[in-house]
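Visitor: Please take me through one part of this model in detail. I would like to see how two packed helices meet, and then what surrounds them.

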Amino acid sequence: MQPKDLLNKAKSPKVAFHKFVLLHREHGTDLFCFFEGKDTQYYFPRIDNVIENHQPIKCGNKKSVIEAYDFIKIKYPNFKTKFFIDSDFDENEEKKDMYITCGYSIENFYCSENVLSKILINEFFLDKTDEVYMKILDIFRKRQKEFHKETSLFNLWYFTAKLKAKEQGTIVNACLNEKFPKDFLSITFENITSSYTLDDIKHKFPDAIEVNEKELEANKKKFFTKEPQLLFRGKYELEFMIKFLNFLINDANKNKKYLKSKTKFRIDPAICLSQISQYADTTEELKKFIKNCA
């Protein structure tokens with residue numbers, strides 16, 4: 001069966017399928033990569049460094065990528081396709097030709113000390129031997145450790161809620177924003193504090209599946225299996241990173257407490273995944289996966 005027959009075979013083909021069919025007509029020998037939404041901003045340059053002819057296809061969300069896999073990879077195994085999804089707090093089934101992040105999501109790869117180091121060197125023009133470089137990294141370690149401490153309850157709650165929802169065959173029923181609830185957390189360059197409890201979370205998300213203290217305690221050991229910077233919800237990790245970078249920008253251009261030279265570097269939350277993609281971490285697992293795509 002030819003790729004064009006995909007449209008006729010499915011009664012209500014998803015947009016991703018339609019894009020695949022149209023692209024395959026002109027680029028049949030290329031590699032077709034299926035991503036969640038804006039994840040192409042992270043993956044595309046990394047794939048492009050290894051593979052010349054590849055076509056990105058945005059599927060909208062994780063579920064759509066998995067549906068695309070089930071529809072295309074199983075029924076049309078000879079097509080050159082690869083699929084990329086975030087791990088999230090899900091128990092993901094490993095599948096051939098599907099890459100699953102080792103952390104919560106691709107956003108986590110933008111939030112390490114290694115990423116900040118690259119930005120300090122290439123955007124703020126510091127050297128690793130500079131006293132201010134070492135001072136800023138030390139501050140970052142302290143603030144990030146505080147951030148993880150103060151957001152651990154919320155992350156554990158969401159992790160537990162997702163596990164419970166799966167066990168009961170239902171949904172968490174809590175729509176999380178890209179930013180951590182602002183009334184729960186205070187972030188400054190000097191310290192990070194929180195003021196919320198499990199009851200506050202329940203009040204904030206009254207329709208969410210019920211989670212109690214006993215369930216949280218039972219899941220602690222299972223939950224804290226990785227470093228928080230990789231484990232915790234990626235959008236919150238990225239929010240912290242952006243705030244920290246803005247603290248540095250403000251210091252360079254106004255306060256001059258640490259950085260004495262002004263900077264033209266700016267960080268835009270709307271485009272940061274592509275803006276600082278070159279500095280984001282690339283795991284050995286991802287490098288190997290992409291290399292095997294060639």
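**Helix 6 against helix 10**

Guide: On the helix 6 side, the contact is made by Ile-136, Ile-139, Phe-140, Arg-143, Gln-144, Phe-147, His-148 and Phe-154. They meet Tyr-236, Glu-237, Phe-240, Met-241, Phe-244 and Leu-248 of helix 10. By class, the residues of this contact are ten nonpolar, two polar and two charged. Keep in mind that this is a predicted model.

Now the spacing along a helix. An α-helix has 3.6 residues a turn, so residues three or four places apart point the same way. Look at the helix 6 list with that in mind: Ile-136, Phe-140, Gln-144 and His-148 are among its members.

Next, the geometry. Two packed helices are described by the angle between their axes and the distance between the axes. Helix 6 covers residues 131-168, and helix 10 covers residues 234-255. Their axes are 11 Å apart, and the packing angle is about 145 degrees. The crossing of helix 6 and helix 10 is right-handed.

Zoom in on the rings. The whole structure holds 42 aromatic pairs. One of them is formed by Phe-140 and Phe-240. The ring centres are 5.8 Å apart, and the planes stand at 40 degrees, a tilted pair. Phe-140 belongs to helix 6 and Phe-240 to helix 10, so the pair links parts of the chain 100 residues apart.

Are these two rings buried or exposed? Phe-140 has a relative accessible area of 0%. Phe-240 comes out at 2%. The cut-off for buried is under 20%. Phe-140 is therefore buried, and so is Phe-240.

Another helix joins in here. Helix 5 spans residues 113-122. Its buried residues are Val-115, Leu-116, Ser-117, Ile-119 and Leu-120. These buried residues pack against both helix 6 and helix 10.

Gln-229 also reaches this region. It sits in helix 9, residues 228-231. Gln-229 counts as buried because its relative accessibility is 15%, with the cut-off at under 20%. Beyond its sequence neighbours, Gln-229 touches Asn-108, Cys-111, Ser-112, Gln-144, His-148 and Glu-237. Gln-144 and His-148 are helix 6 residues of the contact, and Glu-237 is a helix 10 residue of it. A polar atom of the Gln-229 side chain lies 2.6 Å from the backbone oxygen of Asn-108.

Follow helix 6 onward to Lys-162. Is this lysine buried or exposed? Lys-162 is buried, because its relative accessible area is 19% and the cut-off is under 20%. Outside its sequence neighbourhood, Lys-162 touches Asp-88, Phe-89, Asp-90 and Val-172.

Then look at the loops that follow these helices. Asn-173 is in the loop between helix 6 and strand 5 (185-187). Its phi is near 60 degrees, a positive value in a residue other than glycine. Asn-173 is partly exposed, at 43% relative accessible area. Lys-256 is in the loop between helix 10 and helix 11 (272-275). The phi of Lys-256 is also positive, near 60 degrees. Lys-256 is partly exposed, with a relative accessible area of 24%.

Two further sites are worth a stop. The first is Met-98, in strand 4 (residues 98-100). Met-98 is buried, at 7% relative accessibility. Leaving out residues within four places in sequence, its contacts are Ile-66, Tyr-69, Phe-83, Ile-85 and Phe-289. From Met-98 to Lys-220 it is 122 residues in sequence and 29 Å in space, C-alpha to C-alpha.

The other is Lys-80, in the loop between helix 4 (62-73) and strand 3 (81-85). Lys-80 is partly exposed, with 43% relative accessible area. Away from its sequence neighbours, Lys-80 touches Thr-29, Asp-30, Leu-31 and Phe-32. Its side chain reaches the backbone oxygen of Thr-29 at 3.0 Å. Lys-80 and Pro-206 are 45 Å apart, C-alpha to C-alpha, with their positions 126 residues apart in sequence.

Back to the starting point. Helix 6 and helix 10 cross at about 145 degrees. The Phe-140 and Phe-240 rings form a tilted pair, and the buried residues of helix 5 pack against both helices.

Methods. Residues are numbered from 1 along each chain as its sequence is written. This is a predicted model: local features need pLDDT of at least 70, side-chain atom pairs count only at pLDDT 80 or more; totals for chains, interfaces and linings use all residues. Side-chain values use heavy atoms; hydrogens and water are left out. Helices (H or I, at least four residues) and strands (E, at least two) are DSSP runs, numbered from the N terminus. Buried means under 20% relative accessible area, exposed over 50%, partly exposed in between (1.4 Å probe, protein chains only). Contact means heavy atoms within 4.5 Å. A polar contact is a pair of N or O atoms within 3.5 Å; within protein, one must be able to donate a hydrogen and the other to accept it, and residues adjacent in sequence count only if both atoms are side-chain atoms. Axes are lines fitted to C-alpha atoms, for helices over the stretch in contact, and angles run from 0 to 180 degrees between N-to-C directions. A crossing is left-handed if the near helix is turned anticlockwise from the far one by less than a right angle, and right-handed if clockwise. Ala, Val, Leu, Ile, Met, Phe, Trp, Tyr, Cys and Pro count as nonpolar, Asp, Glu, Lys and Arg as charged, and the others, Gly among them, as polar. Rings of Phe, Tyr and Trp (its six-membered ring) pair if their centres lie within 6.5 Å; planes under 30 degrees apart count as stacked, over 60 as edge-to-face and the rest as tilted.
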